[in-house]
Amino acid sequence: MGSHRTARAVIAAAVVTAITAAVVLIMGFAWRGARGGRAQVSYNAVDMRAQMLDNGDLRITQTFDYRLESRGTPWRQMFQQYTLSSDRLTTISDISVTDLTTGRTYTQDTVHSPSGYGDAGWDSTCAGHWYIADITQSQSHPDPFDPELDALTATAVGEPAQTKDVEIGWNIPSTRSAKSMRFELAMTWHGVATAYDDVVALEWEPFSALNSTPAARVTGTFTFPKGISESNSWAWLHTGATSETTRLDDGSLQFTVTDLPGGEYINVVVMAERQPTSAVSREQAGRMKQRILEQERREARIASNARQREARERLVIWLIPAVLALLLVVGALVGAKRACAQGRRHTEALEYWREPPDMSPAAAAALITDVMPGIQGSRDDRQMTSTLLSLVTKGAVAIYPGSAAGYRGLDLSRADCVSIGQLIASDPRREADAAGMCTLVIMPRVYTDRAGLQLCRSESALLDVLLRASERIGLPVFDFGQMQAALKDWRQGYAWLRGFEDACNAEYQALHATVPVGVGARMLGGAAMIASWLTAFIYTAAVGQVALALVISLPLLFAATFAAQVSPRQAFTAQGEAYADQVGGLMRYMEDFSAFGDRGVFDTVLWGRYMVYAAAFGISDKLMEQMERAYPQLADPEWANVYASNDGLVYWSARRRAIRARGGAFGMHGMHGMHAGGSFSSMVSNSFLSVGSTIRDAMPQSSSSGSRSGSRSSGGGGSFRSGGFKGHSGGSGGGRGGAR
């Protein structure tokens with residue numbers, strides 16, 4: 001019993017967890033799609049290399065891997081925009097653009113508006129060219145820009161600065177969409193560095209806060225001039241996105257930024273000790289090394305504190321529901337363990353019990369469900385069938401094979417099984433009719449001496465249902481087809497049926513066989529399941545941390561579901577264990593009866609009651625097979641006429657088997673499609689249970705019962721050994737890019 005319940009609990013927990021895992025993954029993909037799918041143009045990857053020259057200029061090579069989504073008009077132009085400032089970037093020259101996808105090197109041209117051409121005209125006239133333009137006054141009507149003539153005059157840091165916005169663009173063939181288009185943009189930035197008395201410093205901002213194009217991954221390398229190493233240089237990466245930094249022995253700074261959203265900047269701050277041979281054109285008196293170090297330390301500390309505060313807040317958001325779910329799961333598992341201990345049988349079960357148990361068939365049908373989980377058939381169906389058969393064995397009703405119309409003119413209340421059997425066997429039409437219907441007879445004694453029948457409460461309640469059906473039909477003899485038709489619209493029938501169900505429950509409760517257990521475990525398990533689902537929703541839908549949902553929420557959900565399912569609902573009392581021995585032992589005895597050599601003479605009265613309880617246990621067909629093996633003479637109609645005719649259940653089961661052995665219709669077809677090997681009890685059950693369903697169908701409805709930002713560190717001698725942090729922005733360039 002325990003292993004069966006454990007297996008069911010494991011399967012249920014696995015199914016619930018698997019379904020939730022699928023939902024979590026779907027939500028995770030949807031979350032990422034919602035974040036990454038809004039931008040029509042984005043970067044799959046960006047790689048940047050910046051070489052600091054002896055004169056303080058920067059030689060920059062940038063590789064852009066574009067992703068272009070489909071839109072109403074084709075894509076025709078890529079661009080990068082930068083801000084020139086007289087105190088940090090005076091001009092941009094030595095520009096080249098290469099299409100790395102096709103290998104084509106673009107040539108310089110003037111600005112062309114993409115909206116002024118058709119696809120063919122654009123591709124033949126404009127595609128394959130790049131331009132640089134002044135967009136300070138207007139982006140839609142840019143002015144020409146000459147890197148030499150229009151360069152800004154360098155001014156010292158802190159003095160009033162002149163600024164210009166320039167755009168470097170290149171015209172691509174008309175493109176509806178593209179998963180990947182790779183271009184290399186190379187250029188020289190002039191007047192970027194400033195030489196102080198002790199150091200040379202600069203800031204390079206390839207992406208500013210004004211950049212609206214997101215990037216899945218950005219990699220970069222900043223290299224110092226010869227003679228500068230890690231020991232005499234410093235470098236910092238400012239960004240709020242997830243990043244890594246590495247300092248190499250030659251002082252180079254390598255960095256990686258993942259999931260750079262639009263509106264997030266990347267600013268590289270570098271500083272190197274000034275060499276005697278320094279050729280930096282912009283000079284400014286004063287010592288700056290310590291000021292820059294202190295500023296970066298302060299900004300790093302502020303950023304670190306902010307990250308710690310955000311991390312603590314995230315941990316609180318993540319851990320509170322997880323800890324709550326964990327506590328509930330632990331409580332549910334402890335409760336389930338206790339409930340299982342209470343539900344475990346404390347006495348050694350009897351192997352066999354040979355007498356009908358000391359309880360009604362309806363109570364036995366309920367108890368066997370607790371003794372042997374997984375028993376065939378629902379408890380309600382077994383209670384109704386076994387109680388009806390019990391009314392037959394007590395003489396309250398009789399059941400004959402065939403429809404009521406086939407017995408017209410016969411007094412079935414006085415008939416005997418042998419004469420009816422001979423009547424059926426004498427007419428092939430009657431034999432065929434017997435294969436598809438049963439007729440029920442309410443015996444006269446019900447009306448004259450009901451008390452003498454010694455009916456239990458459930459038997460009496462079911463008899464009342466049959467009497468009400470008889471009143472609606474107008475006859476005490478009716479077949480199940482007539483009964484079903486008469487009760488089809490019986491709106492009060494549910495009340496009589498409920499009276500029978502209440503009687504069954506009352507009889508079972510009167511045994512005091514079980515006590516409720518595991519209520520707390522199931523409540524805690526249900527609460528833990530809800531808490532686990534809540535954590536999965538928070539991790540996945542709110543912050544996009546699918547991994548947390550998979551490694552935290554799903555194991556908790558599995559354990560919670562298991563605890564709720566494995567906990568038994570009832571535990572046997574001492575008296576209940578004695579009753580459990582009776583029903584369990586009797587069921588095993590019925591299933592193994594043919595193996596006993598001391599079974600004695602055939603006793604139809606005892607076997608009639610066996611068939612009643614076999615129906616309560618859901619093993620009517622197994623019992624009939626055992627009876628045939630034990631008493632092969634049952635297959636002889638003459639023997640059955642003599643020795644089994646005083647009990648209708650045993651007689652008609654034997655007759656059914658005998659006719660089946662001869663290939664007759666009664667045996668070949670069976671009642672309501674039952675297989676030929678089924679017992680008469682099984683046939684009666686199939687017919688009668690459809691009546692119960694009909695009554696229920698007529699019942700009135702009202703009467704029914706991780707954050708995506710942060711850093712990791714590696715390398716970095718001569719600088720703070722940390723990844724990027726949310727320091728100041730506003731370095732030279734202020735890059736922002738896109739496509740149109």
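Leaving aside its neighbours within four places in sequence, which residues is Q383 in contact with? Hi everyone, let's start there, and keep in mind that this is a predicted model.

Q383 is found in helix α5, which covers residues 379–393. Beyond those sequence neighbours, Q383 is in contact with A362, A365, A366, F500 and C504. So is the Q383 side chain buried or exposed? Q383 is buried, because its relative accessible area is 4%, and the cut-off for buried is under 20%. There is also a polar partner for this glutamine: a polar atom of the Q383 side chain lies 3.1 Å from the backbone oxygen of A362.

Now, some of those partners come back when we look at helix α4, residues 361–371, and helix α11, residues 493–510. The axes of α4 and α11 come within 8 Å and cross at roughly 65 degrees. That crossing is right-handed. On the α4 side the contact is made by A362, A363, A366, L367 and D370, and on the α11 side by C504, E507 and Y508. Sorted by class, this contact has 6 nonpolar, no polar and 2 charged residues. If you have the structure open, A362, A366 and C504 are worth picking out, since they appear among the contacts of Q383 and again between α4 and α11.

Let's stay with α5 for a moment and see how it meets helix α9, residues 457–473. Their axes come within 9 Å and cross at roughly 85 degrees, so α5 is roughly perpendicular to α9. From α5 we have M384, T387, L388, S390 and L391, which meet S458, E459, L462, L463 and L466 in α9. The class count for this contact is 6 nonpolar, 3 polar and 1 charged residues.

My last pair is helix α3, residues 289–343, with helix α13, residues 546–566. How do these two run relative to each other? Their axes come within 8 Å and cross at roughly 25 degrees, which makes α3 roughly parallel to α13. The crossing is left-handed. In α3, the residues involved are W318, A322, A325, L326, V329, A332, L333, A336 and C340, and they meet L548, I552, L556, A559, A560, F562, A563 and V566 in α13. By class, the contact of α3 with α13 has 17 nonpolar residues, with no polar and no charged ones.

To recap for your notes: Q383 is buried, α5 is roughly perpendicular to α9, and α3 is roughly parallel to α13. Thanks for listening!

Methods: Residues numbered from 1 in each chain as written. Predicted model: local features only at pLDDT ≥ 70, side-chain atom pairs only at ≥ 80, totals over all residues. Heavy atoms only, no water. Helix = DSSP H or I, 4+ residues; strand = E, 2+ residues; numbered from the N terminus. Buried < 20%, exposed > 50% of the residue type's maximum accessible area, 1.4 Å probe, protein only. Polar contact = N/O pair within 3.5 Å; in protein donor to acceptor, adjacent residues only side chain to side chain. Contact = heavy atoms within 4.5 Å. Axes fitted to C-alpha atoms, helices over the stretch in contact; angles between N-to-C directions. Parallel < 35°, antiparallel > 145°, perpendicular 65-115°, else oblique. Left-handed = near helix turned anticlockwise from the far one by under 90°. Nonpolar A, V, L, I, M, F, W, Y, C, P; charged D, E, K, R; others polar.
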